[in-house]
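Let's walk through this model together, starting from its empty spaces and moving on to the helices and strands. Keep the structure open beside the text as you read.

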Amino acid sequence: MLQRLTIPVTAFEQNCSLIWCDETGDAALIDPGGDIPVLEQAVRERGLSLKAIWLTHAHIDHAGGTGTLARTHQLPIVGPHPGDQFWIDGLPKQAQMFGFPQAEPFKPTQWLKDGDEVQLGRCKLQVIHCPGHTPGHVVFFDPTARHAYVGDVLFAGSIGRTDFPGGNHADLIHAIKHKLLPLGDDITFTPGHGPESTFGEERLSNPFL
């Protein structure tokens, strides 16, 4: 079974997820946007073996710590979808614009597409391409735990911004309504910012849907 710990990082309070297979102790960090020492300590405290970095998308608050972490720990970078290449190329500029520490450049070891599967220890997650917030945004869905890591697609009571370059409001709503909500009302999700919620709760009360 996959375990998870949400660690807010950066001035943007971005939810980095430390996930691990409780059988093997293999761990991955989803969206390590920054505060690398905090993330490394969380891994150490739990005696885990960090195996990979997974990215939902390449905005600075989600991907800012990726290059440094990958280099210092020799980790593969998995994701996002190739649609976010221009965001990865623009990380230095993003860091400058938003007052973040300089982001080390990186190349994903593996791009992801809709329908892919990623594995951590004995746990398998499904990859769902959900463009709209960014063109290459992906969601990681754990069917066993009935939990999704949705990045900035959906929030408790809100949805991702679509006013950045490459954003598309219609694409975002379509992805939420046709790819995420049909997974089931019982699915809990970790958003990129703020508290967890369920797809059922958002389907009923999210004003943007």
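The second largest pocket has 17 residues in its lining, and G33, G34, D35, F100 and P101 lie nearest its centre. A word on terms: on a 1 Å grid over the protein atoms alone, a pocket is an open set of points with protein on both sides within 12 Å along at least five of seven lines, a cavity is a set where a 1.4 Å probe fits but cannot get out, and lining residues have an atom within 4 Å of a point. The space in this pocket comes to about 230 Å³, where a volume is the space filled by probe spheres set on the points, with grid points joined across faces, edges and corners. Its lining divides into seven nonpolar, eight polar and two charged residues; here Ala, Val, Leu, Ile, Met, Phe, Trp, Tyr, Cys and Pro count as nonpolar, Asp, Glu, Lys and Arg as charged, and the others, Gly among them, as polar.

Before going further, please keep in mind that this is a predicted model, in which local features need pLDDT of at least 70 and side-chain atom pairs count only at pLDDT 80 or more, while totals for chains, interfaces and linings use all residues. Residues are numbered from 1 along each chain as its sequence is written, and side-chain values use heavy atoms, with hydrogens and water left out.

Now turn to the largest pocket, with a volume of about 380 Å³. Of the 18 residues that line this pocket, H59, W87, Q94, F98 and F164 lie nearest its centre. The lining is made up of nine nonpolar, five polar and four charged residues. Helices α2, α4 and α5 each supply at least two of them, and α5 gives the largest share, four residues. (Helices are DSSP runs of H or I with at least four residues, strands are runs of E with at least two, and both are numbered from the N terminus.)

That makes α5 a good helix to look at next. Which residues of α5 are buried? In this helix, residues 91-98, they are L91, Q94 and A95, where buried means under 20% relative accessible area, exposed over 50% and partly exposed in between, with a 1.4 Å probe and protein chains only. These buried residues sit on the same side of α5, because they cover an arc of only 100 degrees around the axis; the arc is that of the directions from the helix axis to the C-beta atoms. K93, Q96 and M97 are exposed on the other side of α5. The cover over the buried residues of α5 includes α2 (60-63) and α4 (85-89). After α5 comes G99, with a positive phi near 70 degrees.

Helix α1 (residues 36-45) can be read in a similar manner. Its buried residues are I36, L39, A42 and V43. They fall within an arc of 125 degrees seen down the axis, so they line one face of α1. P37, R44 and E45 are exposed on the other side of α1. Among the elements that cover the buried residues of α1 are β1 (2-9), β2, β3 (26-30), β4 (49-54) and α3 (66-73). G47 follows α1 and has a positive phi, near 65 degrees.

Next comes the sheet. Six strands form an open, mixed sheet in the order β6-β7-β8-β9-β12-β13, where two strands pair if DSSP finds at least two bridges between them. β6 (117-120) and β13 (197-198) stand at the edges with a single partner strand each, so one side of each lacks a neighbour in the sheet.

Follow the sheet inward from β6. This strand runs antiparallel to β7 and is joined to it by four bridges, with Q119 opposite K124 in β7. Two residues lie between the strands of this hairpin, in which G121 takes a positive phi near 60 degrees. Five of the seven residues of β7 are buried, so β7 is largely enclosed by the rest of the structure. H129 lies in this strand and counts as buried because its relative accessibility is 14%. Beyond neighbours within four places in sequence, H129 is in contact (heavy atoms within 4.5 Å) with H81, D114, P135, G136, H137, V138 and K179.

Four bridges also join β7 to β8 in the antiparallel sense, and V127 has F140 in β8 as its bridge partner. F140 also stands opposite Y149 in β9. Strands β8 (residues 138-142) and β9 (residues 147-151) pair antiparallel over three bridges.

Our last stop is the one cavity of 30 Å³ or more in the structure, which has a volume of about 50 Å³. Its 13 lining residues include N15, D31, G151, T190 and P191, which lie nearest the centre. β2 (14-21), β9 and β12 (188-191) each supply at least two residues of this lining, which divides into four nonpolar, eight polar and one charged.
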